[in-house]
Amino acid sequence: MASEQAGAAQVLVASNRGPVTYSLGADGTLDAKRGGGGLVSGLSAVGDEADALWVCAALGEGDREAVRRGVGEPGVRMLDIDADVHAAAYNGVANSVLWFVHHMLYQTPLEPAFGPEFRAQWAAYETYNRAFADALAGEAAPGAAVLVQDYHLALVPGMLRELRPDLRIGHFSHTPWAPVDYFRLLPDDIAEQLLRGMLGADRLGFLTGRWADAFTACCVAVLGGTSGTRIGVHGLGADADFLRERARRADVEERLAALREQIGPDRKVIVRVDRTELSKNIVRGLRAYEQLLADRPEWRGRVVHVAFAYPSRQDLAVYRDYTTEVSRVADAINSAYGTEGWTPVVLHVKDDFARSLAAYRLADVALVNPIRDGMNLVAKEVPVVSDEGCVLVLSREAGAHEELSEDALTVNPYDVSATSVALHEALLMPPAERAERTKRLAAAATALPPTQWFLDQLQALTTP
Ligand code: F6P
C-alpha cells in the first residue's frame, strides 16, 4: 500500500555524498563539480525514463547555498540538514565510531568513548537518518526501488519501511563489516538499533562474502537471526572503458612527463594513492619502504616511492593528526636517505585525479596495504591503466584481495618487515612475469563493471 505522500521517482539512491558538489566563489557564484565513481556511472545507466532520483546531503556552504537558491542538477535532491546535526552524525558517529568499528581501528590511545557526548551525536545520527527517510518517502513512486548506501544511513531502511511498506528497499555497505566481538564494542542498544535498521531492507548488499558473513554473524549474536532479509554480494569492479580513455588524455600525459622529470631517469617507481585516513595504513607503508632502503642499500638512488595521500575528513583531529604524521615520516625518510640528485619519497597531498592516473601508468609496483578495506579500487584500477605492467603488493585485509590474490603479492598489513620484503621481491620481478600478472589482474579487476554492479543490485532487489 503506497502512502498518500508518494512521489514520482521509480529508482532512488540515497547516500551522504552525492554526485555533485558546489563551491561558493568570493563573488557569490556557484561552481558545480561532478563526482566520478561507481555509483555515478551506475545510476546514469538507469536512464531518464526510469525517473531516477539521487538523494544526498548538502555538505558544505556551497551545497547549502545551492539548495537555498534552488540550484541543482536534474535527478539530484540535496537535503539541507542542519549543519550541527550533520556534523555530529557524519563526524561524530559515522567517521569517529562506525568507521573505526568496521575497520577495527581502535587501539590505545584511540579508545571508544560512549558517554553523553556520543549519546548526543547518536541522537543527531537518528535525526539525520530520519531526514533521508522522510525525503525518500516523499519522492518515491508507489512500489519504487530505493538503494540506500553505506554506514552513514544504516537506520534509513527500517525508518523508510515504516513510512512506506510498499517500497523495495536495498542497502549497500561499501565498508568491511566488523567481526562479532569487535562490533559488540558498541553499546548494546545501539548495536541492536543499527542491525534492526539495516534489516528493515528487503535486501542487503556487501562487497565480499567475508563482510556479508560478518554481518550475518553479528545479527545472529545480537538479534538471533537476520529475520528473512536477503543478503547478496556484489564485488564492484573497475570501469575499464572509462579509465583507459581518461588515462590517455592530454592532462594525464602532461602530469606523466612532470612525474618522470621529478623521479629522474632509470629509477623504479613504487606508487600508492589513498585518501589520508587511518585504515589505509600509509605510515606502515612508508616504514616498510624505509626498511627496504635500510636493509638493502642497493636500492638507494635506484627507486622512488611516489605517495599520493589526499587529506580527508579534516574536521576531525584524529584524521588531521594522521595526515601530519604521514608528512612527518615521509620528510624523515627524505632527510635520512635523500641525496643531491635523489628524493626517496615524493609525497603529494593535493587531490588530482589526472596525476593519480599518470602515477598508475608509470608504476613498477603499487603498494595497497590497508588495515581493512571494503574493496579498494586503487588495487583494481592500477592494472587496468598500467603502461608496462605493475606488480601489486596487496593487503590480505582488502576486499579486493578475494579477487586478486592469485596474481598479487599478499601482505599482512601490520607486518612492516614482510611488506618490505614484498616490495623488494616486487621490484625484482622479471618484466615478462610482471606483464602476465598485470594482464590477469586487469581481467579480474574489471569482471563486474560499475554499471553492471548497479543493475545487478537493482534486478536482485526487484526480483522477489
Ligand atoms: O568506503 C566507504 C566510503 O563511504 C566510500 O563510499 C567513499 O569513497 C569513502 O568512504 C568516502 O568517505 P567520505 O565521504 O567521508 O570522504
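D150 is partly exposed in this predicted model, because 18 other C-beta atoms lie within 10 Å, where 20 or more would make a residue buried. D150 sits in the loop between β6 (140-149) and α5 (156-163). The backbone of D150 has a positive phi of about 80°, although the residue is not a glycine. Most residues other than glycine have a negative phi. N376 also has a positive phi, near 85°, and is likewise a residue other than glycine. The loop that holds N376 runs between β13 (365-368) and α14 (377-385). N376 counts as buried, because 24 C-beta neighbours fall inside 10 Å.

V76 lies in strand β5 (residues 76-79). V76 is partly exposed, since 18 other C-beta atoms are found within 10 Å. Leaving aside residues up to four places away in sequence, V76 touches G18, P19, V20, W54 and C56. The C-alpha atoms of V76 and G18 are separated by 7.9 Å, and the two residues are 58 residues apart along the chain.

The table sets these three residues side by side.

| Residue | Place | C-beta atoms within 10 Å | Class |
|---|---|---|---|
| D150 | loop between β6 (140-149) and α5 (156-163) | 18 | partly exposed |
| N376 | loop between β13 (365-368) and α14 (377-385) | 24 | buried |
| V76 | strand β5 (residues 76-79) | 18 | partly exposed |

D150 is also one of the residues around the ligand; the others are R17, N95, H174, T175, S312, R313 and G374. By residue class, this shell has no nonpolar, five polar and three charged members. Domain 1 (9-236 + 452-462) and domain 2 (240-445) both give residues to the shell, so the ligand lies between them.

The chain is divided into these two domains, domain 1 (9-236 + 452-462) and domain 2 (240-445). Taken over C-alpha atoms, the centres of domain 1 and domain 2 are 30 Å apart. Their contact takes 19 residues from domain 1 and 15 residues from domain 2. On the side of domain 1 that touches domain 2, the elements giving two or more residues are α3 (83-102) and α8 (209-223). Of the elements on that side, α3 gives the most, with four residues. The residues of this side of domain 1 divide into eight nonpolar, ten polar and one charged.

The largest nonpolar core has 144 residues, among which L12, L136, V146, L392 and V393 touch the most other members. Helix α4 (residues 116-139) gives the most to this core, with eleven residues. Each of domain 1 (9-236 + 452-462) and domain 2 (240-445) supplies at least three residues to the core. Residues up to four places away in sequence not counted, L392 touches A366, V368, A379, V382, P383, L404, A408, L409 and L441.

For the chain as a whole, there are 18 helices and 15 strands. Of its 464 residues, 48% count as buried. Among contacts between residues at least 6 apart in sequence, 78% join residues at least 24 apart. The C-alpha trace spans about 70 × 45 × 45 Å along its principal axes. The radius of gyration is 23 Å, which agrees with the value near 23 Å for a compact globule of 464 residues.

Note on methods: Residues numbered from 1 in each chain as written. Predicted model: local features only at pLDDT ≥ 70, side-chain atom pairs only at ≥ 80, totals over all residues. Near = placed C-beta within 6 Å. Nonpolar A, V, L, I, M, F, W, Y, C, P; charged D, E, K, R; others polar. Domains from an automatic or database assignment. Buried ≥ 20, exposed ≤ 12 C-beta atoms within 10 Å, placed from the backbone. Contact = placed C-beta atoms within 7 Å. Rg over C-alpha atoms; globule rule 2.2 N^0.38 Å. Core = buried A, V, L, I, M, F, W, Y, C linked by C-beta atoms within 7 Å.
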